[in-house]
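Trainee: I'm new to this one and would like to take it slowly. Could you pick out one part, look at it closely with me, and then work outwards from there?

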Amino acid sequence: MTLDVRIHGRGGQGVVTAAELLSLAAFDQGLHAQALPSFGSERTGAPVVSYCRIDDKPIRAHDPLDAPQVVVVQDPTLLRAADVLDGLAEDGVVVVNSARTPAELADAGLRLEGHQHAVCLPASELARERLGRPLPNTALIGAVVALTGIVGLPALQEAIRQRFTTATDDVLQANLQLASDAHDLVSEREHHDA
Amino acid sequence: MRRQVEGSKAVAETVARCRPTVVAAYPISPQTHIVERLSELVTVGELTSCEYLMVESEFGALSACIGASAAGARTYTATASQGLLFMAEALPNASGLGLPIVMTVANRAIGAPINIWNDHSDALSQRDSGWVQLFASSNQEAVDLHVQAFVLAEQMSLPVMVCMDGFVLTHAMEEIDVPEQDDVDAFLPAFRPRQWLDPDHPVTIGAMVGPDAYTEVKYLMAQRQRRTLDALAEVADRFRGAFGRDSGGLLRPYRTDDAEVVLVVMGSVWGTAADAVDQLRADGVRAGVLGVTCYRPWPGDALHDALSGIANAVVVNRAVATGPGGVLGQDVHVCAPTGTAVREVVMGLGGRPVTRAGLVDLVCDVLDGWEPAGVLDYRDLDERVAQRELAREEALP
């Protein structure tokens, strides 16, 4: 059992934190996990990529993931960059931070092949409501958790508690709620579609 | 206890459990998280009896460590890239004076062109500085090597560099067993310097040595380096007994016994190469990987034995030399047994990823006769760009 997740976003959106949260949640569930950042020049707004490997066997590799099952796009304007969907598995899923639908994003670069499918989630809007700031990462990881089922929502929430130790209680609670909202929204929608 | 933790943080906490009494450092990516965490541990009182010195530069950091070590303190610093080069003037003083300083090098390319990403150019440029240079194949080994480094340094009275791949290891969050305080205390005895500067018992450390004795001093230093190889293997054995983990030592072979092709690698590429080897073996290709954990002193005899009976060795160089081959490759060439064909490639400069697919292709090309012998092959070079620029340069008046 393996799950490879690649996260695209911009510096300041919590791209590295998102991969770390997923790896922490997997570890808490007794799986092996690795979060790897691929730093650019660490400027706010610059495209950033991170990776998360999850496996039931110990992980030795440290190379970037070349065939992820899940790609998370924290900023839909990145879809125009050719490499965002590179290597996505034939039946892979793309989670896009957008209030639009996958069909509406086709012109913005969301072009899928084979059995790939896309899930859109208005994560920035949800975060703005709950958190007062458009930080989409906890909501998007909530969606990934709902879609893959490899890690439970409680494990993700525990990961958020571990990772956000310096946050105020308001910020922590808002992030826990964001993960849960996104998880439930995507679970319901997928259940409905099925 | 096993935890999901960033490599830098795990290293910093391990170093703290080795109870250094002086830490002097200057931040530089990708090493910064290590010293930030150490300064935090000192500030909050988790690392007690330790003076954390904010210095003005890497030169100041190593110079402060040299002074503190000569005064009998257990000292630690960390750096990377140009930061290590800025220490270069002081590095041979630390080794020549026999000061057991431990330093982490978060391996990073050196400029120009400026590049913050991982390769081995920084540490390999200091191969003759007289420091022991150990390369971690994983974050677990990076953590374990720091405990072993303090033991080895103090036992041999020599400084030790623990090299770990910048970003790839320092910034990876992984499952790491950070050694417990009690276990470290049992493994690493209190520091007893061979000699130290004490106003009540004056000694001279670092006197001038003229032509009458300089050669002998250098010869004795070289002999101590040779003994260090045995000591290092012995420390790794004891570590296995105490912690139950196979970390450190001279070399890290994986499935080399009946291999037709062995990849010779250093650092975190080892794990990716081991996965490549498993994939090749599943397809019936007898591949193996030999990790070089101890780069200095050079374990030539062990390498000779490890490659005996192996037809093909391919050295993955992660630094460029302007000599007759790669830096690591030259040493392998000199020590490989007759009967082992040694090829050399350059891969993974300045953060270009060395991938499992790339290593699988490399092994296949060697077996198919596609990989050239006798030249240093820039394996992941963009030929189109390189040839275009060469043509442009040749066309210049």
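Let's make chain A that part: what pattern does chain A follow when it is read along the sequence?

Mentor: Happy to. Keep in mind that this is a predicted model. Reading along the sequence, you'll find that chain A goes β-α-β-β-β-β-β-α-α-α-α. Tally that up and chain A has five helices and six strands. Its radius of gyration is 15 Å, close to the 16 Å that the globule rule gives for 194 residues, so chain A is as compact as a globular protein of that length. Along the principal axes, the C-alpha trace of chain A spans about 40 × 40 × 40 Å. Of the 194 residues in chain A, 51% are buried. Now look at who touches whom along the chain: among contacts in chain A with a separation of 6 or more, 64% are between residues 24 or more positions apart.

From here we can follow chain A to its partner. Contact is made by 17 residues of chain A and 18 residues of chain B. On chain B's side, the elements giving two or more residues are strand E8 (173–177), helix H10 (269–282) and helix H13 (356–367). H10(B) gives the most, with four residues. Sort that side of chain B by type and you get eight nonpolar, six polar and four charged residues.

There is strand pairing across the two chains as well. Strand E2 (residues 32–38) of chain A pairs with E8(B) in the antiparallel sense, over two bridges. If you want a spot to zoom in on, try A:Gln34, which stands opposite B:Glu174 in E8(B).

Stay with E8(B) for a moment and step back along chain B. In the loop between strand E7 (160–165) and E8 of chain B sits B:Phe167. Its phi is positive, about 65°, although B:Phe167 is not a glycine. For background, most residues other than glycine have a negative phi, and most peptide bonds are trans. B:Phe167 has 24 other C-beta atoms within 10 Å, and 20 or more count as buried, so B:Phe167 is buried. Set that beside B:Arg255, which also has a positive phi, about 55°, without being a glycine. B:Arg255 lies in the loop between strand E9 (251–254) and strand E10 (261–265) of chain B. With 16 other C-beta atoms within 10 Å, B:Arg255 is partly exposed.

E7(B) leads us to another strand. E5(B) and E7(B) pair in the parallel sense over six bridges, and there B:Ala106 stands opposite B:Met164 in E7(B). E5(B) also pairs with strand E4 (residues 75–79) of chain B, again in the parallel sense, over four bridges. In that pairing, B:Thr79 has B:Val105 as its bridge partner in E5(B). Six of the six residues of E5(B) are buried, so this strand is largely enclosed by the rest of the structure. Both of its faces are covered: B:Val102, B:Thr104 and B:Ala106 are buried on one side, and B:Met103, B:Val105 and B:Asn107 are buried on the other. In the loop between strand E5 (102–107) and helix H6 (121–124) of chain B you'll come to B:Pro113. The peptide bond from B:Ala112 to B:Pro113 is cis, with omega near -10°.

Finally, back to the helices that touch chain A. They belong with a sheet in chain B: six strands form an open sheet in the order E9-E11-E10-E13-E14-E15, with mixed pairing. E9 and strand E15 (376–378) of chain B stand at the edges with a single partner strand each, so one side of each has no neighbour in the sheet. On average, neighbouring strands of this sheet are turned by 25° against each other, direction ignored. Within the sheet, strand E13 (residues 312–317) and strand E14 (residues 341–346) of chain B pair in the parallel sense over six bridges, and B:Val315 stands opposite B:Glu344 in E14(B). H10(B) lies across E9, E10, strand E11 (287–292) and E13 of chain B, running at about 165° to E11(B). H13(B) packs on the sheet too, touching E10, E11, E13 and E14 of chain B, and its direction makes about 135° with that of E10(B).

Technical notes: Residues numbered from 1 in each chain as written. Chains lettered and ligands numbered in written order. Predicted model: local features only at pLDDT ≥ 70, side-chain atom pairs only at ≥ 80, totals over all residues. Rg over C-alpha atoms; globule rule 2.2 N^0.38 Å. Buried ≥ 20, exposed ≤ 12 C-beta atoms within 10 Å, placed from the backbone. Contact = placed C-beta atoms within 7 Å. Nonpolar A, V, L, I, M, F, W, Y, C, P; charged D, E, K, R; others polar. Pairing = 2+ DSSP bridges. Axes fitted to C-alpha atoms, helices over the stretch in contact; angles between N-to-C directions.
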